[in-house]
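Visitor: Could you walk me through the open and enclosed spaces of this model, and how each label is earned?
Guide: Gladly, let us look together.

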There are 2 protein chains.
Amino acid sequence: MDLGYSTALLTDHYELTMVRAALHSGVAQRRAVFEVFARRLPPGRRYGVVTGTGRLLDALAAYTFDEAALEYLTSHGVLDEATATWAAGYRFTGNVWGYAEGECFFPGSPILVVEGTFAEAVVLETLVLSILNHDCAIAAAASRMATAAGDRPLIEMGSRRTHEEAAVAAARAAYVAGFATTSNLAAGRRYGLPTAGTAAHAFTLLHDGERNAFAAQLAALGPDTTLLVDTYDVPRAVRTAVDLAGPALGAVRIDSGDLGAVAREVREQLDSLGAPGTRIVVTGDLDEYGIAALAAAPVNGYGVGTSLVTGSGAPTASLVYKLVARADSAAPGSPLRPVAKRSVGKPSRGGRKAALRRRNSHGTATAEVVTLGEPAPAPNDRVLLRPLVRNGEIVGREPLAAARDRHAAALRELPPTARQLSAGDPAVPTEFLGRP
Amino acid sequence: MDLGYSTALLTDHYELTMVRAALHSGVAQRRAVFEVFARRLPPGRRYGVVTGTGRLLDALAAYTFDEAALEYLTSHGVLDEATATWAAGYRFTGNVWGYAEGECFFPGSPILVVEGTFAEAVVLETLVLSILNHDCAIAAAASRMATAAGDRPLIEMGSRRTHEEAAVAAARAAYVAGFATTSNLAAGRRYGLPTAGTAAHAFTLLHDGERNAFAAQLAALGPDTTLLVDTYDVPRAVRTAVDLAGPALGAVRIDSGDLGAVAREVREQLDSLGAPGTRIVVTGDLDEYGIAALAAAPVNGYGVGTSLVTGSGAPTASLVYKLVARADSAAPGSPLRPVAKRSVGKPSRGGRKAALRRRNSHGTATAEVVTLGEPAPAPNDRVLLRPLVRNGEIVGREPLAAARDRHAAALRELPPTARQLSAGDPAVPTEFLGRP
C-alpha cells in the first residue's frame, strides 16, 4: 500500500545524529545486522504474536526524506550538510527477514533481521519498533480473547480508547489474531476488514421513547440489526424489540449489569417470545477473563474495546532492535563480526541468528530453537525466518487473510498450555544453540 | 494546522448507521448536547490533565467526507443514498466549549461540550474520544513525572514503545505536562517541540573500540554532546570521555544497573577528573516512582520512554461522550431537554453543565463545582469552559506554550496532596449542583 506520506521523521533524533557521526568517522557504510527480539514476554503470557509486518513494509517503502523534512532537519541542526546529502538519497537497499505475520514468538525469537549498511539500517530502529511493539501487543491480547471466545465472534470496538491512528492498527492486529469484525471504518477501508456496529444509548435517548428508537433503527437498517436494550429497562426493551421486529430480529446488545445473569434472562425471554434465533451480544469492559467467564452463558458474540486496544495489561511488546554483527570495514565482502554490549540485567547475544520451531512427530511444538549461523532443521522442524525485503525490493507482501490463517495454525501447533489464560511460563522453551 | 487528509473515517461504523436511522425517522436534525467526562480517574490518581485540544480542533477541521470515503461507505452498505448526501455536505456547524488545554480535571468534569444537530455531533464521538483519551492519559502520567523530577529536565523518548503516530501525540502531551524535550523528530517538526538525543549502544559497537566511537561523536557533534557510557565498563568509559572531551563534555548517559549508585560513582569520578560541569543523564525503564527515588542522586536529567507512552499503568483516560440534552423537535428554538440512561453502575447525569474551580482566599482549589445551567462564580472561582468552536468556526486555537504554562499554573493551584505520588483520592472533591 502506498502510504502517500513520508515516514522518515517518525524516528528518534539520535538515529540521525548517530548517522552524522558515523559518516564523519567513516564507518557509516560498514555492513551491519540488527535483530528485533523480546527479552521476555509480558508477565504470565505464554506466547507472543508477530503482527504489523505488512504495515512495516508499507512504512519502509515510504521511508524517504522529502524537501520539507530535510529543511526542518538542517535548519534545526540535526543534520549537517554531508548527512543531509546522504538523507536526500536515502532508500533502503538492504535485506530484511522476518517471522511471517501471524506467527507466534517467544523470548529471544529473532522476529526481524535487518541487514544493510549501519546508516541505512539504524535509522529504521524507531519506526520498526513503534509498529511491531504496538501491533504485537494488541495481537497478543486479541489472540487470548479469541481463545476465550471459542467459536463466538468477537467485535473489535476499542477505537475511542486509543490514539485515532493506533485504533486503525489495533483493528488490523485484532483481525490477524482472530477477531471477526471491527467498528473502525478507516480499518475497514484501509485493510478490507469487515466492519460492524449496533447503536449507542444516545440513539435511544434522542427519540421520543425507546419504541420509536427501535422502530427507526429497524426501518432504516432492517430486522437483522442489533438493538441496544439496556437504556432503561431490559425486559421491557426486549419485549418492545420482538414486538416490532418479530422473530427475524438479528440481535440484542447488553452493555451493563451482570452480563451473564442478564443474558440468561434475555435468552429465556427471547425464546418465550418466539425469537430463538435472535442473538445476544454483550459489551462493557470485557477482557479475556470476562469473556471466559461468560462461556456458559447464552451469549452469541462479544464486543471488546478498552482491554483490546491497551493490550489487556501489556500495551507494548518490549521488543528491542539490537546491533548483533557488523563488518570491520566498509570494503565489500568484509566479514561480519558478532557484537554485544555488556549491560547488567539486559542479556544480549551477539551474532546473526536463525530460528526453528522444533516439533515432535505429532506436529506439536516443543522448543523455539535460536541458532547462530544456518540452522539444521530436523524433518518436523519449521524454519521461521523468511525474506521480506531483498536488496531493497519488498518481496514479503501478502494478503491479510494469510496472516490470520497462519496465526490460527501457529496457535494450534503449540502445546495446550499455550491456550490457558492463567499466568505461566512461555509455552515452549527457547534454546540457544552455538556461541558467537 | 491543516492535516491534509480527511479524518472522517476515524470513527465507528455505528455512528454513521445511527445517523442513517435518525435521518430516516426525522430526528437527525434535533439539537443535541454531548459532554465528555470521566466517571473516575485511574486508581489512586489525584487529577487528570486536559490535553489534545489543539489536535482535536485540527481533526475537526479535517472532518469532511471525500469522494473515496463516500464510495467506500456506500459500496459497503454503511450509508444509504440519503445519508451519503448528508455526509457529502458534512461540515460541523455547531459549538464546542472545553476546558482549556493543560487544565486539570476531576471525576465528572465536563471537559468538552459539543452542541449541534444530533447527526453532526454524534459522528464526532469516536474521534473526539480517541484524541482525548490518548493524550489525556499520557499527560496525566507525564505531569506526575514532571513533579517527581522537580527542576531536572525530562526527555521524552518513548516513540519506539507505542504506535508511530501515537508517539508524536505522546511527545506533544508530555510537553504540555512539563517535559523539556522529545526524541521524536516528527513531533519536533509538527508541533515545534525541542528535540534531543544522545547515542545508542549500537553506535559504540559499530566502531573499533569505545574510544573511537566517542571521538567520532565528539568530532561530529561537538563537546556539548551526551556520551553513552555503559556499553562495556562505566568507569573506563567515563575516563575515556573526559580524556577526549575535557571539562567541556556536555553529559554522560547511564542506561543500566543501579542508576542511583552508578550516578554517584560517575559524579565522583567526573569531579575528580576535573569535569564538574558535565551532566549525568539516566535512562532505563524509569517511571514517576523511579524518578522520585533518584531525587537525592546526583542526576541532572531523566529520559523516560515506556512508562510515559503507556500512561504509567493507565494507558487510556476513561473519558466518555454522552448525550445529556436534546430538543423535542428539529424546529428552531425547540428547547433542550435533559436526558440520561438508567444503567447499573455507570452514573450519568442528564442536562447541560458548566463548571467552576472553587478556590479559597489563598487561591488554592477546594472543589470542582459542576452545575446545571449557568454557574454563579464567587470572586475566587475560575470558570472552566471556554469557547473552542462557534457556529462551526474554530476560535480556540492557541500556541502550545500557552497550554504548557497553563498546566503548570493549574497544578500549582491544587492543594499539595495533588502532587503526592502515592495513591489517594482526587485532590479536590467534585460537587454537583442543581438537578435536571
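Visitor: How many residues of each class, nonpolar, polar and charged, are in the lining of the second largest pocket?
Guide: That lining has 24 nonpolar, 6 polar and 16 charged residues. Here Ala, Val, Leu, Ile, Met, Phe, Trp, Tyr, Cys and Pro count as nonpolar, Asp, Glu, Lys and Arg as charged, and the others, Gly among them, as polar. A word on the ground rules: this is a predicted model, in which local features need pLDDT of at least 70, side-chain atom pairs count only at pLDDT 80 or more, and totals for chains, interfaces and linings use all residues. Residues are numbered from 1 along each chain as its sequence is written, chains are lettered from A and ligands numbered from 1 in the order in which they are written, and side-chain values use heavy atoms, without hydrogens and water.

Visitor: What makes a space a pocket, and what a cavity?
Guide: On a 1 Å grid over the protein atoms alone, a cavity is a set of points where a 1.4 Å probe fits but cannot get out, whereas a pocket is an open set with protein on both sides within 12 Å along at least five of seven lines. Lining residues have an atom within 4 Å of a point.

Visitor: Which residues lie nearest the centre of the second largest pocket?
Guide: Leu3(A), Tyr5(A), Glu165(A), Tyr5(B) and Glu165(B) do, out of a lining of 46 residues. The volume of this pocket is about 1300 Å³, counted as the space filled by probe spheres set on the points, with grid points joined across faces, edges and corners.

Visitor: Why is the relation of the chains called a two-fold axis?
Guide: A rotation of 180 degrees with 0.0 Å of shift along its axis superposes chain B on chain A, with RMSD 0.0 Å; therefore the relation is that of a two-fold axis. The fit is by least squares on the C-alpha atoms of residues with pLDDT of at least 70 in both copies. The same surface serves both, as 100% of the contact residues of chain B recur in chain A (contact means heavy atoms within 4.5 Å).

Visitor: How many cavities of 30 Å³ or more are there?
Guide: The structure holds 6 of them, and the largest encloses about 150 Å³. Its lining has 16 residues, with Thr162(A), Val309(A), Thr162(B), Val309(B) and Pro315(B) closest to the centre. By class, 6 are nonpolar, 8 polar and 2 charged.

Visitor: What is the volume of the second largest cavity?
Guide: About 90 Å³. Of its 14 lining residues, those closest to the centre include Pro42(B), Cys136(B) and Ala317(B).
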